[in-house]
Every structure is written in structure tokens, then in C-alpha cells.
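Work through the exercises below with the sequence and the 3D view side by side. Each task is followed by a solution in steps.

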Amino acid sequence: MSVIISGIQQIGIGIPDVEQAWAWYRKAFGMNIPIFDEAAEANLMLPYTGGKPHQRRAVLALNAQGGSGMEIWQYTSRTPQPPAERPLLGDLGISICRMKAHDVEKAFEGLTHKGIETLSPAPVPGPDAQNTFFLEDPYGNPFQVTSHTDWFTHKGLATGGVLGCSIGVSSVDRSLPFYQEILGYDQVLYDVSGTFEELSVLPGGADEFRRVLLTHSQPRKGKFSRMLGQSEIELIQVLNRQPKKIFEGRFWGDLGYIHLCFDIHGMSELRELCKEKNYPFTVDSGQSLGKEFDMGEAAGHFSYIEDPDGTLIEFVEAHKIPIAKKIGWYLDLRKRAPEKPLPNWMLKALSLNKVKD
């Protein structure tokens, strides 16, 4: 069986307070379907947590309209640390979470009506000529709202889930093979250089950049492909200053965007592919535990690799997920054909777990 990437499962966000943060993400982006909510010890990420395990709480939340999720992640055994200096656009690592909207102007109006301030005074065109705007969560993490046509369902919400992210790289040319050959982002939507009006509202956004927006030319396959949908990754290289590493001197799980996670099938084959491309697994729950990783409400196998600049990419091969926790309905994914999407009715049933504010 070859490797199947169903899509971006989630973007990890290190925050100081899970309850507070999740309430904000529900209000702003409709991220109200929990796949898991677990407090436990993170004991397999030792290369990135100072060689010691730490206690944490994590919530994986989705939007009913589709798109990728957010893993809202909080240390509970230590105080999560901010960067020594505020990151500037183009610094190395994940810098912006991209959210998709049916209508960017309506999404802007909807957020303003909710009392959520935006960084952009109004939506403006990006390099693809589509209107876009930026805002920050209460912790200073930048978000970009942009239009998209790929939706799982329509629930009347202004935004869907996560579309992708922007990643600061030291060299676009050096990073492209990693994202194209391992992650399948083989289609370039734009490749532009210069200064950009819409970025000027971000810290460091007035600098000169090379920006390459990537997507995948073929539809994703796999169990969750219909819900996760099409995704995009923008590589950003700053041209007129030396970038810094966003997580330099800090732990994975500290404040900011901590990883980008993909839902996959075929972990053994992926391990060999990454090794062949000189990006070996740096964390591998299957090798460490010799069994599946259990998160209480969900279970599976996870691993990590680093992109050429050290940005963490996670892979998850899910074995069990809750469909309707209230009635004890948990789905064993190992009994289903890996390339076939789960039926829409089953994915829609995840909304039975929705948190109502």
C-alpha cells in the first residue's frame, strides 16, 4: 500500500489557556466540534521538550463546514514561553494560519459585528487577485481569511476550518522539493517577489519577500479527505533581512504555531520515503511504544519530521475516533478501506459532539 495523505488534519497552536482560547476560536471561526479533549503527559516529544516529559492538555477542534482542524495545546506542568522577540513575517517557522471563507467581505463584516478587531482595515487583493484580510487571536497569533470554493457542507457560518498556513523559509528553492515530493504540494498557484500591500499590517510585513503558494493538483484520497478538503501552503522568504527561528531556544508546545499535522495512511511506507529523501522521522510513536498511541477518545500512530529549516511536520495515522460520544459510538478505522472516504452522513454525525456557547 502506498502512502495516502487525506489532507491537513490540524495546525497546532501553543496557548496559555485552553478554555479561553477554544472559546475564542469557536466565536471567531466556528471551531466547535471536539475530536478529543485530553489531559495527559507528553512523553514522546523529548527531542523538543528539553529531554523531559511534561503535562499538557490538548483539544482537537473542527468546523462543521469542513477544512482542517486546530489542536489547541497548553502546558500544565510549566508556564509556556513566548519568543524573546516578537516574530517578524518571514522568520523561520509557521507564521500565519489561513482560514477559508465563502465570502471574504461577509466574513470581515461578521467578525466586526462580533466585536473581533482585524489588523486589516478592509479586505484587499492578494497576489491571486482574491480579497483577503488579517487578524490576530488574543495571544498575537496571526490569521489570514481568504476565499475558497472547496466545502464539505454549508452551515451558514462565515468561515470554515483551516485552509493551510504560511511558513517562513530561508530559501524557497531549497524548501520546494520537501513540500512537493513528501507532502504532495506539486502545483504552484503563484510565485511572486516584492513588497505587498496586504502584508503591511503584519509585524515585518513591509519588507521584501518571495512568496510561493502551493496546492495539490490531485484531489486528496482517504477516510477524511472529503471533510479536510483541499489545502494550501505558502512559503515566504524574506529578501532584505536575515530571518530568525521562531522557536529558537524554546520548547515545542510553547506559545505560537507549533506544528502542521497531516492525516495519513501507510506510516511504514512514509517512514521509508522520508528516510530516502533525507528527512528521517525525529519522533515515532510506533517505534517508541511498539503499539498505538492512545489519547483516550482517539488512538493511532504519530510521527514528526523537520522541514529544511526545522519547522515541525506531524503525521497521524488514526485508528479510532469518536463519532458520537454521547451514545458511545467510536469508529475503528482499521476495518475500513484506506483509500475510500468515509460517507458524508458519518462525517456529518461528528456535529453531534458540537459544543454550544
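**Exercise 1: a salt bridge between loops**

In this predicted model, the side chains of arginine 241 and aspartate 207 form a salt bridge, with 2.5 Å from N to O. Find where the two residues sit in the chain, and decide whether they are buried or exposed.

Solution. Arginine 241 is in the loop between β12 (232-238) and β13 (256-265). Aspartate 207 is in the loop between β10 (187-194) and β11 (209-215). The pair is 34 residues apart and links distant parts of the chain. Both arginine 241 and aspartate 207 are buried.

**Exercise 2: a salt bridge between a strand and a helix**

Locate the salt bridge between aspartate 284 and arginine 271, and state what it ties together.

Solution. The N to O distance for this pair is 2.8 Å. Aspartate 284 belongs to strand β14 (residues 283-284) and arginine 271 to helix α5 (residues 267-276), so the bridge ties together parts 13 residues apart in sequence. Aspartate 284 and arginine 271 are both buried. Elsewhere, Arg98, Glu198, Arg211, Glu232 and Glu234 are joined into one network by salt bridges that share partners.

**Exercise 3: the whole chain**

Which radius of gyration does the protein chain have, and why does it agree with a compact globule?

Solution. For 357 residues, a compact globule would have a radius of gyration near 21 Å; the protein chain has 19 Å, which agrees. The C-alpha trace spans about 50 × 45 × 40 Å along its principal axes. Of the 357 residues, 57% count as buried. The chain contains 7 helices and 18 strands.

Note on methods
Residues numbered from 1 in each chain as written. Predicted model: local features only at pLDDT ≥ 70, side-chain atom pairs only at ≥ 80, totals over all residues. Heavy atoms only, no water. Helix = DSSP H or I, 4+ residues; strand = E, 2+ residues; numbered from the N terminus. Rg over C-alpha atoms; globule rule 2.2 N^0.38 Å. Buried < 20%, exposed > 50% of the residue type's maximum accessible area, 1.4 Å probe, protein only. Salt bridge = Lys/Arg side-chain N within 4 Å of Asp/Glu carboxyl O.
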